[in-house]
Amino acid sequence: ADEPRVADLRPDVEAPENRASASRDAEPALTHLVAFRSAPFPYEGATPEGSSFLNVAQGDQRGHRGHRGQVLWADRTFSDNRALVHVPERFDPSQPGALVVFFHGYGATLSRDVGARQQVPQQVSASGANVVLVAPQFASDARDPSAGHFWEPGGCARFLDEAAEKIAAMRGTTASAIAGLPLVLIPYSGGFYTAALCLKDPAVARRTRGVLMLDAAYGELERYADWAASNRANVFVSGYTHYTARQNGELRGLMAARGVTIQPRLGDAAARGGAVFLPGDTPHNDYVTQAWTEDPVRELLLRMPGLHGRDAQAVAAVDMTPTGSIR
């Protein structure tokens with residue numbers, strides 16, 4: 001296999017500037033934790049209700065008291081301004097492709113969970129799709145839905161613009177080549193809220209061509225239904241367990257009422273547009289790797305048309321062996 005394990009991810013390394021190569025085929029896959037100016041955190045502004053986000057002080061420490069009454073200190077929970085950026089080996093910005101945005105759930109960190117445990121970069125590479133991945137860090141290792149700068153008007157769009165800059169620097173291309181890519185949003189669990197904030201921005205919603213919810217239909221159902229109805233070519237996939245079965249039933253009804261075609265199979269939704277609802281009652285904590293099928297991120301990207309330039313043998317050669325956590 002040519003693709004690196006996520007254990008090779010280097011937490012403290014910035015994206016290299018203007019990596020040029022005589023042969024794009026020879027460029028290695030790149031997986032980095034990259035600092036973003038437009039990251040959700042640190043954040044010292046207001047909540048959507050208008051109150052100060054950092055609403056607790058103890059000496060020099062400042063923190064946020066969440067809805068459950070717990071205090072989360074800013075330096076531990078809301079100070080990580082990095083995003084996981086993954087550029088597969090054979091990504092070619094001159095060809096049709098997509099930018100995949102992954103929204104982690106509660107209690108997660110990018111290296112330990114998104115990279116090592118959930119294997120999202122490996123799934124992206126193993127799909128063979130001509131896509132790149134970015135996953136912002138929200139509340140670090142905490143059960144908290146705070147969105148920080150993504151609460152601000154245009155916050156998600158600014159992050160995506162900066163992601164285009166970072167990815168362009170990593171692959172030695174132009175930011176405009178990345179900024180023009182359509183989006184595939186993948187919220188897992190509590191990530192439904194921050195993904196919905198992105199779809200609240202009309203420009204981001206128009207650019208989004210696919211949404212894959214991984215046991216994530218806990219709320220914002222009207223927003224997801226409106227997006228699915230906005231373009232018949234949009235692909236909406238919701239895999240779910242018994243935790244979100246009721247909400248998925250409600251969402252299915254909202255979409256049907258808006259004229260969204262409810263497809264019987266994933267392949268039909270990917271090829272023709274519309275929505276598909278896929279029960280897969282595996283453990284919620286494992287749902288990013290074990291849903292209605294193994295490696296659901298890979299499965300969706302494999303089936304979406306217009307994203308594939310690699311042959312089947314190259315895809316099959318990718319190493320999907322789970323790796324240890326990354327610090």
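This passage covers the pockets and cavities of a predicted model, then the packing of three of its helices. As the model is predicted, local features need pLDDT of at least 70 and side-chain atom pairs count only at pLDDT 80 or more, while totals for chains, interfaces and linings use all residues. Residues are numbered from 1 along each chain as its sequence is written, and side-chain values use heavy atoms, with hydrogens and water left out.

To start with the open space, the largest pocket has a volume of about 290 Å³. A pocket here is an open set of points on a 1 Å grid over the protein atoms alone, with protein on both sides within 12 Å along at least five of seven lines; a cavity is a set of points where a 1.4 Å probe fits but cannot get out, and lining residues have an atom within 4 Å of a point. Points are joined across faces, edges and corners, and volume is the space filled by probe spheres set on them. Of the 15 residues lining the largest pocket, Tyr-106, Arg-143, Ser-189, His-284 and Asn-285 lie nearest its centre. By class, that lining has 5 nonpolar, 7 polar and 3 charged residues (nonpolar is Ala, Val, Leu, Ile, Met, Phe, Trp, Tyr, Cys and Pro; charged is Asp, Glu, Lys and Arg; polar is the others, Gly among them).

As for enclosed space, there are 2 cavities of 30 Å³ or more, and the largest cavity holds about 80 Å³. Among the residues lining the largest cavity are His-104, Tyr-106, Phe-138, Asp-144 and Thr-194. Its lining splits into 4 nonpolar, 6 polar and 1 charged.

On to the helices (DSSP runs of H or I, at least four residues, numbered from the N terminus). Helix α6 (residues 192-200) packs against helix α8 (residues 221-229) at about 45°, with axes 10 Å apart; axes are lines fitted to C-alpha atoms over the stretch in contact, and angles run from 0 to 180 degrees between N-to-C directions. That angle makes α6 oblique to α8 (not under 35 degrees, over 145, or 65 to 115). In α6, Phe-192, Ala-195, Ala-196, Leu-199 and Lys-200 meet Arg-223, Tyr-224 and Trp-227 in α8, where contact means heavy atoms within 4.5 Å. This α6 and α8 contact counts 6 nonpolar, no polar and 2 charged residues.

α8 also packs with helix α9 (residues 245-257), at about 40° with axes 9 Å apart, and α8 and α9 are therefore oblique to each other. Leu-221, Glu-222, Tyr-224, Ala-225 and Ala-228 of α8 make this contact with Gln-247, Glu-250, Leu-251, Leu-254 and Met-255 of α9. The classes in the α8 and α9 contact are 7 nonpolar, 1 polar and 2 charged.

Technical notes: Helices (H or I, at least four residues) and strands (E, at least two) are DSSP runs, numbered from the N terminus.
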